Amino acid sequence: MMSRAADRLKVVLNHLDGSHGNVRASFTSAQSVSHHHPQSFRYTLDTDILTPEQRLSYEENGFILIRNLVSAEDIEKFRKAFEQICKREVKVPGLVVMKDVSIAKSEFVEGEKAVTKLQDFQEVPGLFRYCTLPQILKYVECFTGPNIMAMHTMLINKPPDTGKRTSRHPMHQDLHYFAFRPADHIVCAWTAMEKVHRQNGCLVVLPGSHKGSLQEHDYPEWEGGINKMYHGVRNYDPNHSRVHLEMEKGDTVFFHPLLIHGSGMNQTEGFRKAISCHYASADCYYIDVKGTTQENISDEVKDLAFRKYGVDSLSFQDTWALRGRLVRGERTSL
Ligand SMILES: CCCC(=O)SCCNC(=O)CCNC(=O)[C@H](O)C(C)(C)COP(=O)(O)OP(=O)(O)OC[C@H]1O[C@@H](n2cnc3c(N)ncnc32)[C@H](O)[C@@H]1OP(=O)(O)O
Ligand SMILES: Nc1ncnc2c1ncn2[C@@H]1O[C@H](COP(=O)(O)OP(=O)(O)OP(=O)(O)O)[C@@H](O)[C@H]1O
Ligand SMILES: O=C(O)CCC(=O)C(=O)O
Ligand SMILES: [Fe+2]
Ligand SMILES: [Mg+2]
């Protein structure tokens with residue numbers, strides 16, 4: 001069911017999309033952009049935070065990398081909070097503690113080395129503080145506007161690959177997992193908790209892919225196995241040109257939910273750590289994904305929610321409304 005307001009929004013967005021290429025082509029310098037035609041941007045808002053070059057870069061590539069945004073002291077605190085959870089010193093409602101599929105059935109791996117990813121840490125104050133950092137929200141607001149919800153939280157602890165290549169994350173669009181729109185008012189902040197490079201499986205992105213539409217996703221047919229819910233874009237062409245985002249501790253990338261991205265395998269002995277949050281404008285609205293390409297992930301999520309909470313009446317939208325937390329402004333819609 002699509003509301004009339006949503007229909008109107010779609011028309012507006014399509015219109016902007018159509019005019020986008022021409023408008024951009026008519027500029028000769030980035031400076032003239034911010035001063036005369038701020039309304040011509042589709043993916044960024046006029047906030048005085050992003051330089052004209054940064055705005056153009058996000059419009060064009062679908063991501064922007066900000067160096068040294070989170071302090072080493074803060075990252076150390078997140079690391080400690082993560083360790084406490086792995087040692088089971090704290091028990092948290094709603095938190096998902098995920099092991100790598102290649103060790104999930106092993107009895108011998110304990111603590112931090114067993115954990116590939118924490119998901120939904122909105123009730124862990126020592127981790128959720130990441131989502132409220134003013135220097136992060138300052139950038140987020142350039143994409144969402146002033147009413148900001150933290151919708152999805154993760155701490156990824158990519159393990160040394162066991163030899164089955166299961167430490168890879170297939171190329172995907174995060175929007176596949178989301179039951180809210182519009183996509184252009186959603187953004188991910190992903191912060192490296194240590195140096196990330198090709199060897200330990202940094203993020204890999206396809207610049208400009210955010211201009212495409214949401215693609216069909218499914219489990220890739222990987223011989224060594226694939227982690228639960230790690231869907232990848234179907235018919236991914238591994239020869240497509242891509243960019244490896246090598247980052248230092250504290251560097252943060254902001255990216256659009258349609259940007260195709262993934263991460264390679266971790267060929268080092270260390271656990272590659274990153275912390276991230278997906279934000280959405282609180283003015284976004286929920287959608288019903290029935291009959292769309294997202295039905296497969298929606299069914300998996302509802303199935304897990306049933307097993308986790310013992311209720312089968314939760315809709316895919318409900319699972320998002322329960323996890324979302326207001327971090328700035330007013331909770332207007334989501
Ligand atoms: C922008 C968003 C992008 C994304 O969200 S991408 C990834 C999304 N991932 C998720 O949402 C996390 C999904 N994972 C989970 O919910 C849990 O880790 C999962 C799979 C339910 C396991 O929970 P546990 O509490 O560990 O349960 P358990 O130890 O009793 O295991 C239950 C059965 O699941 C299996 N399992 C555990 N970890 C797995 C994994 N990583 N991949 C595939 N299967 C896995 C485990 O072997 C067990 O199987 P069985 O029932 O014994 O046959
Ligand atoms: N068939 C596929 N379907 C979806 N995603 C894939 C597929 N093959 C590779 N990828 C993804 O492409 C990205 C790059 O993978 P790859 O393992 O080659 O890492 P890499 O960083 O390029 O490492 P290397 O230096 O070994 O090439 C990762 O996100 C990976 O999971
Ligand atoms: O940190 C990574 O490897 C990427 C994780 C990711 O893209 C995701 O979970 O959606
Ligand atoms: Fe992702
Ligand atoms: Mg490769």
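**The iron site and ligand 3**

Author: In this predicted model, His-172 (NE2), Asp-174 (OD) and His-261 (NE2) coordinate the iron ion (ligand 4) at 2.1 to 2.2 Å.

Reader: What makes His-172, Asp-174 and His-261 count as coordinating the iron ion?

Author: A donor is an N, O or S atom within 2.8 Å of the metal. The atoms of His-172, Asp-174 and His-261 stand at 2.1 to 2.2 Å, and therefore they qualify as donors. Along the sequence their spacing is H-x1-D-x86-H.

Reader: Why is the pair His-172 and His-261 said to tie parts together?

Author: His-172 belongs to strand β5 (residues 169-172) and His-261 to strand β13 (residues 261-263), so the pair joins parts that are 89 residues apart in sequence. Both His-172 and His-261 are buried, a word that requires under 20% relative accessible area.

Reader: Which residues surround ligand 3?

Author: Among them are His-172, Asp-174 and His-261, together with Lys-117, Trp-190, Ser-263 and Arg-272.

Reader: What makes the approach of ligand 3 to Ser-263 a polar contact?

Author: The cut-off for a pair of N or O atoms is 3.5 Å. An oxygen atom of ligand 3 is 2.6 Å from an N or O atom in the side chain of Ser-263, so this pair meets the cut-off. For the side chain of Arg-272 the distance is 2.8 Å, and for that of His-261 it is 3.0 Å. Taken alone, ligand 3 exposes 300 Å², of which the protein buries 95%.

Reader: Where does ligand 3 sit?

Author: Ligand 3 takes the space of the largest pocket. Elements β4 (148-158), β5 and β13 each give two or more residues to the shell around ligand 3.

Technical notes:
Residues numbered from 1 in each chain as written. Chains lettered and ligands numbered in written order. Predicted model: local features only at pLDDT ≥ 70, side-chain atom pairs only at ≥ 80, totals over all residues. Heavy atoms only, no water. Donors = N, O, S within 2.8 Å, 3.2 Å for Na, K, Ca; no water. Helix = DSSP H or I, 4+ residues; strand = E, 2+ residues; numbered from the N terminus. Buried < 20%, exposed > 50% of the residue type's maximum accessible area, 1.4 Å probe, protein only. Near = heavy atom within 4 Å. Polar contact = N/O pair within 3.5 Å; in protein donor to acceptor, adjacent residues only side chain to side chain. Areas by Shrake-Rupley, 256 points an atom, 1.4 Å probe, with all protein chains shown as cover. 1 Å grid on protein atoms, 1.4 Å probe; cavity = no way out; pocket = protein on both sides within 12 Å on 5 of 7 lines; lining within 4 Å. Sits in = over half its atoms within 2 Å of the grid points.
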